[in-house]
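Here is a short set of exercises to work through with the model open beside you. Each one gives a task and then a step-by-step solution.

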Amino acid sequence: MKELLGAAPNERLRELGLETATAQTLAPILGDGASASSPEEIAWAVRKLFEAAAKSSPLVVVFDDLHWGEPVFLDLIEHIADFSRDAPILLLCMARPELLDRRAAWGGGKLNAANVLLEPLAPDETEELIDRLLSGEGLDQSLRGRILEAAGGNPLFVGEMLAMLAEGDGDNGSDVSVPSTIQALLASRLDQLDDAERGVLERGAVEGQVFHRGAVAALAPEESQVDGRLMALVRKDLVRPEQSLLAGDDAYRFRHLLIRDAAYESLPKAIRAELHERFANWLEENAPQLVELDEIVGYHLEQAYNYRSELGPVDDVTRALAPRAAERLLAAAKRASSRGDVAATKSLSPRAVALAQPGTASHREALLELARLYLLLSDAERGNEVLAELFAAAELAGDARMYNRARLVSLERKVVQDPGATMDAALAEAEEAERELARVGDAEGVAWALRLVGNFLSWLGKTREAEQAWARARARGAGRELRADHRDLELDGLGSRRSPSATTSSRAHGRGVSGLECWRAAATMTRPQRRSRQLLRP
């Protein structure tokens with residue numbers, strides 16, 4: 001995205017003639033937006049951007065190592081492939097075969113898509129590769145045969161083995177040892193680096209496959225020639241220059257993820273813990289504008305805490321890492337929830353709960369986020385367990401705000417999952433929770449409660465009163481809760497998608513009701529009649 005839009009993305013978007021709505025949707029992923037966009041909105045906006053860029057000339061978009069992609073990212077690629085039918089766009093997706101375990105349809109059958117399986121090189125092809133890489137230099141026939149056998153047609157193995165020989169003492173004879181696996185080969189090649197070069201490479205590996213020069217300098221303060229070491233690693237083709245995500249800094253990419261893994265795994269756990277913590281501190285100071293700052297910093301603090309916990313008794317320094325990590329992961333989970341990224345929320349929320357200290361406000365916040373996730377996933381068993389823990393923790397701490405927010409999650413669960421629940425009882429409890437949240441000054445909680453009050457009133461056929469409750473919710477500054485719940489209301493309690501009925505839509509718009517409220521009313525009033533009778537009985 002940043003490569004396509006350049007240093008001035010807003011100007012480039014205007015040059016491409018994209019509408020304001022498209023630019024606003026792209027803003028969060030470019031680091032400029034205050035509010036999150038949903039995955040569906042982002043996929044639509046990215047497709048529009050690619051189509052606009054392809055008008056002047058065909059566009060080739062390359063995705064590497066796609067098997068590591070998050071589900072939301074894979075959905076985005078699929079959206080572009082399915083809906084950009086008239087634009088000259090080629091999506092080149094490179095991945096290991098295990099990607100097909102997650103996206104079986106990508107193996108064949110998709111329109112306008114082709115599959116190419118890269119088989120291992122044949123022996124004669126491996127021979128040709130060796131000759132080309134040697135550029136006329138000689139190689140002992142016995143050694144050549146052992147390389148052919150060990151490589152098994154893997155071009156990476158051949159390239160790394162010959163590079164290791166070139167960096168060695170010049171002995172290409174029959175007594176040279178050939179590692180049996182690519183991992184052992186990469187480890188052997190790293191062993192040939194001098195200590196300074198290896199130290200720089202290992203510190204870059206802490207950040208990831210792409211790392212920044214500033215981070216390496218911060219993690220290796222004793223190294224006075226970071227730039228020279230990095231250039232040496234580039235010449236040895238272990239890393240390559242990469243477009244930086246941070247202004248004023250240089251970035252590098254490991255030539256292959258396995259090289260990064262080999263460098264990282266050579267670090268003792270104690271050093272890994274120290275470097276993860278130091279990198280998190282550096283990132284907080286030097287990249288406050290990074291879109292994924294909370295998630296990345298939280299991950300590195302989590303790694304530092306976990307490694308130190310594995311190595312010995314947890315001291316005060318180690319204990320201090322956990323709440324910092326929990327706070328960052330919780331913020332990332334809330335942001336993921338607000339944009340409808342269920343997969344990310346499912347990954348982040350449990351980790352925040354595990355790291356937050358029981359009895360603290362952060363732990364209760366994390367439990368609430370996890371309870372809401374299980375409600376969205378219709379996981380009643382785990383949702384009830386988390387809610388029970390949250391109620392007990394809030395009551396013990398005298399936290400009325402969190403206790404009544406937990407009541408709201410519990411109410412949403414009851415009306416969907418409990419056959420014995422009645423709408424009148426749910427309405428009364430929502431109104432009571434709204435009063436308690438207003439008493440403690442929780443504006444967002446009040447907005448959330450009023451949204452539920454409006455829903456329950458609409459289910460009872462009291463449309464005008466429901467509209468008033470929703471209007472009050474908007475007036476109280478309905479933030480993340482209402483945006484997230486808007487998506488939830490696209491699905492009824494039985495998990496099937498509903499669309500607004502013509503009658504409901506006409507009546508709602510005639511009274512000036514917003515699309516959000518119309519969607520709510522329709523989604524609830526078209527529920528199966530059997531379930532309605534259960535909910536409406538006194």
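**Exercise 1. Place Ala443 in the fold and find out how far its C-alpha atom is from that of Ala475.**

Solution. Keep in mind as you start that this is a predicted model.
- Step 1: Ala443 belongs to helix H23, which covers residues 443-459.
- Step 2: The relative accessible area of Ala443 is 30%, so Ala443 is partly exposed.
- Step 3: Ala443 and Ala475 are 32 residues apart along the chain, and 9.8 Å separates their C-alpha atoms.

**Exercise 2. Describe how helix H15 and helix H16 pack against each other.**

Solution. Two numbers are needed, since packed helices are described by the angle between their axes and the distance between the axes.
- Step 1: Find the two helices: H15 spans residues 269-286, and H16 spans residues 293-311.
- Step 2: Their axes lie 8 Å apart and make an angle of about 155°.
- Step 3: Because of that angle, H15 is roughly antiparallel to H16; the cut-off for this label is over 145 degrees.
- Step 4: The crossing of H15 past H16 is left-handed.

**Exercise 3. Is Ala287 buried or exposed, and how far is its C-alpha atom from that of Leu246?**

Solution.
- Step 1: Ala287 sits in the loop between H15 and H16.
- Step 2: Ala287 has 0% relative accessibility, so Ala287 counts as buried.
- Step 3: The C-alpha atoms of Ala287 and Leu246 are separated by 6.8 Å, with these positions 41 residues apart along the chain.

**Exercise 4. Work out which parts of the chain are linked by the salt bridge between Glu365 and Lys334.**

Solution. A search of the whole structure gives 42 salt bridges, and this pair is a good one to start with.
- Step 1: The side chains of Glu365 and Lys334 meet at 3.3 Å, N to O. The cut-off for a salt bridge is within 4 Å.
- Step 2: Glu365 is in helix H19 (residues 361-376) and Lys334 in helix H17 (residues 316-338), so distant parts of the chain, 31 residues apart, are linked.
- Step 3: Glu365 has 13% relative accessibility and therefore counts as buried, while Lys334, at 23%, is partly exposed.
- Step 4: Look around the pair: Lys334 and Glu365 belong to a network of salt bridges that also links Arg401, Arg405, Asp442 and Glu444.

**Exercise 5. Do the same for the salt bridges Asp399 with Arg364 and Arg407 with Glu429.**

Solution.
- Step 1: Asp399 and Arg364 form a salt bridge of 2.9 Å, N to O.
- Step 2: Asp399 is in the loop between helix H20 (380-397) and helix H21 (400-417), and Arg364 is in helix H19; this pair links distant parts of the chain, 35 residues apart.
- Step 3: Asp399 and Arg364 are both buried.
- Step 4: In the salt bridge of Arg407 with Glu429, the closest N and O atoms are 3.5 Å apart.
- Step 5: Arg407 is in helix H21 and Glu429 in helix H22 (residues 423-439), so this pair ties together parts 22 residues apart in sequence.
- Step 6: Arg407 is buried, with a relative accessible area of 11%, whereas Glu429 is partly exposed at 23%.

**Exercise 6. Which residues make the nonpolar surface patch, and which elements give two or more residues to it?**

Solution.
- Step 1: The patch, of about 430 Å², is made by Val60, Val62, Leu90, Leu92 and Met94.
- Step 2: The elements giving two or more residues are strand E1 (59-63) and strand E2 (89-93).
- Step 3: Take Val60, in strand E1, as an example. Its relative accessibility is 51%, so Val60 counts as exposed; the cut-off is over 50%.

**Exercise 7. What is the phi of Asp65, and what is the phi of Asp237?**

Solution. As background, most residues other than glycine have a negative phi.
- Step 1: Asp65 has a positive phi, near 50°. Asp65 lies in the loop between E1 and helix H5 (71-83).
- Step 2: Asp237 has a positive phi too, near 60°. Its place is the loop between helix H13 (226-235) and strand E4 (239-242).
- Step 3: Asp65 is partly exposed at 21% relative accessibility, and Asp237 is partly exposed with a relative accessible area of 30%.

Notes:
Residues are numbered from 1 along each chain as its sequence is written. This is a predicted model: local features need pLDDT of at least 70, side-chain atom pairs count only at pLDDT 80 or more; totals for chains, interfaces and linings use all residues. Side-chain values use heavy atoms; hydrogens and water are left out. Patches are made of residues with over 30% relative accessible area and no salt bridge: like charges are joined within 9 Å, nonpolar side chains (Val, Leu, Ile, Met, Phe, Trp, Tyr) within 5 Å. Accessible areas come from the Shrake-Rupley method with a 1.4 Å probe; for residues, only the protein chains shown count as cover. Helices (H or I, at least four residues) and strands (E, at least two) are DSSP runs, numbered from the N terminus. Buried means under 20% relative accessible area, exposed over 50%, partly exposed in between (1.4 Å probe, protein chains only). Axes are lines fitted to C-alpha atoms, for helices over the stretch in contact, and angles run from 0 to 180 degrees between N-to-C directions. Angles under 35 degrees count as roughly parallel, over 145 as roughly antiparallel, 65 to 115 as roughly perpendicular and the rest as oblique. A crossing is left-handed if the near helix is turned anticlockwise from the far one by less than a right angle, and right-handed if clockwise.
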